[in-house]
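Me: Please take a close look at one part of this model, the sheet, and describe how its strands are joined and what packs against them. I would like one connected account.

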Amino acid sequence: MTELGPVAWPPAPIRSERLVLRESEARDRAAFIELLASPEVHTYLGGPRPRDEIERAMPDVPGRRPGLFIVDLDGVMIGQITLTRETGHLRQAAGKAELGYLFLPQAWGYGYASEAYAAALGWFADALPGEPVVLATQTANVRSMRLAAKLGFIEVERFEAYGAEQWFGVWSSAAPSS
C-alpha cells in the first residue's frame with residue numbers, strides 16, 4: 001500500500017519514445033538542487049529556495065518516495081513528475097491523485113513534459129483503472145495551462161489561492177485525450 005493506494009512501488013521504469021520515468025538515484029542530487037534553486041522553475045511556485053539551504057538539507061538520494069518519477073533523457077535527470085494523493089494543500093485535491101511536475105529550464109520547449117506526463121498517466125490508468133487524476137496550476141502559467149489541455153484535463157473550477165488565480169482540472173482514462 002502506497003500513497004497511491006494498492007500500487008507496488010516503485011514500478012518498473014516506464015519508457016516512452018525519448019524518455020525513461022524511473023526511481024530517484026544518487027546521481028540525481030545535483031539536478032534536484034538545480035530544480036529547487038531555479039528562479040525560472042519556481043516563477044509560479046512561490047520563488048526558489050536558497051541554494052546553500054537546499055544543498056545542506058538534500059539527502060544523498062533525494063526524492064525517493066512513492067509517486068515521484070525522475071524524468072530521464074539519455075541517462076540524465078531533466079525533471080520530475082509526481083503522482084500523489086494530496087492531504088490538503090488545496091481542498092479541491094484532498095484525497096485525490098494529483099499530478100505535478102518540475103523540469104529544468106534547458107529541457108523546456110521540446111515536448112518532454114507532454115511525453116513524460118502521457119507516459120505517467122498511461123501507467124496510472126493501468127495501475128488504477130477509472131480513477132481520475134487532478135491538476136492545479138496558476139492561470140498565469142500559460143505553458144502549464146496548454147499542457148493540461150493537451151493531455152485532456154477538463155477545467156473544474158478557478159479560484160484564488162497563494163495570492164493568484166488557480167486553475168483546477170481533472171483527467172480520467174475514460175475521457176478522450178488529444
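Reply: In this predicted model, strands β4 (residues 76–85) and β5 (residues 97–103) run antiparallel and are joined by 7 bridges. Within this pair, L83 of β4 has L99 of β5 standing opposite. As a general point, the strands of a sheet pair through backbone hydrogen bonds, in either a parallel or an antiparallel manner.

The pair belongs to an open sheet of 8 strands, ordered β1-β2-β3-β4-β5-β6-β8-β7, in which the pairing is mixed. The edges are held by β1 (14–15) and β7 (154–161); each has a single partner strand, so one side of each lacks a neighbour in the sheet.

Two helices may be described in relation to these strands. Helix α1 (residues 29–37) lies across β3 (68–73), β4 and β5, and runs at about 70° to β4. Helix α4 (residues 142–150) also packs on the sheet, where it touches β5, β6 (133–138), β7 and β8 (164–171). The direction of α4 makes about 155° with that of β6.

The side chains add to this picture. L99, the residue opposite L83, is, together with I81 and F153, among the residues that touch the most other members of the largest nonpolar core, which has 35 residues. Two or more residues of this core come from each of β3, β4, β5, α3 (112–127), β6, α4 and β8. The greatest contribution is that of α3, with 10 residues. Leaving aside residues up to four places away in sequence, F153 touches L99, L121, V133, V134, L135, A148, W167, G169, V170 and W171. Another core, of 13 residues, lies apart from the largest one and includes A31, L68, M77 and L102. In soluble globular proteins, nonpolar side chains tend to be buried together.

The sheet may finally be placed within the whole chain, which has 4 helices and 8 strands. From the N terminus on, these elements follow one another as β-β-α-α-β-β-β-α-β-α-β-β. Of the contacts between residues at least 6 apart in sequence, 61% join residues at least 24 apart. Buried residues account for 48% of the 178 residues. The radius of gyration is 16 Å, which agrees with the value near 16 Å for a compact globule of 178 residues. The C-alpha trace spans about 40 × 40 × 30 Å along its principal axes. The accessible surface comes to about 9000 Å², and carbon and sulfur atoms supply 54% of it.

Definitions and conventions: Residues are numbered from 1 along each chain as its sequence is written. This is a predicted model: local features need pLDDT of at least 70, side-chain atom pairs count only at pLDDT 80 or more; totals for chains, interfaces and linings use all residues. Side-chain values use heavy atoms; hydrogens and water are left out. Two strands pair if DSSP finds at least two bridges between them. Contact means heavy atoms within 4.5 Å. Axes are lines fitted to C-alpha atoms, for helices over the stretch in contact, and angles run from 0 to 180 degrees between N-to-C directions. The radius of gyration is taken over C-alpha atoms; the globule rule is 2.2 Å times the number of residues to the power 0.38. Buried means under 20% relative accessible area, exposed over 50%, partly exposed in between (1.4 Å probe, protein chains only). Accessible areas come from the Shrake-Rupley method with a 1.4 Å probe; for residues, only the protein chains shown count as cover. A nonpolar core is a set of buried Ala, Val, Leu, Ile, Met, Phe, Trp, Tyr and Cys residues joined through side-chain atoms within 4.5 Å.
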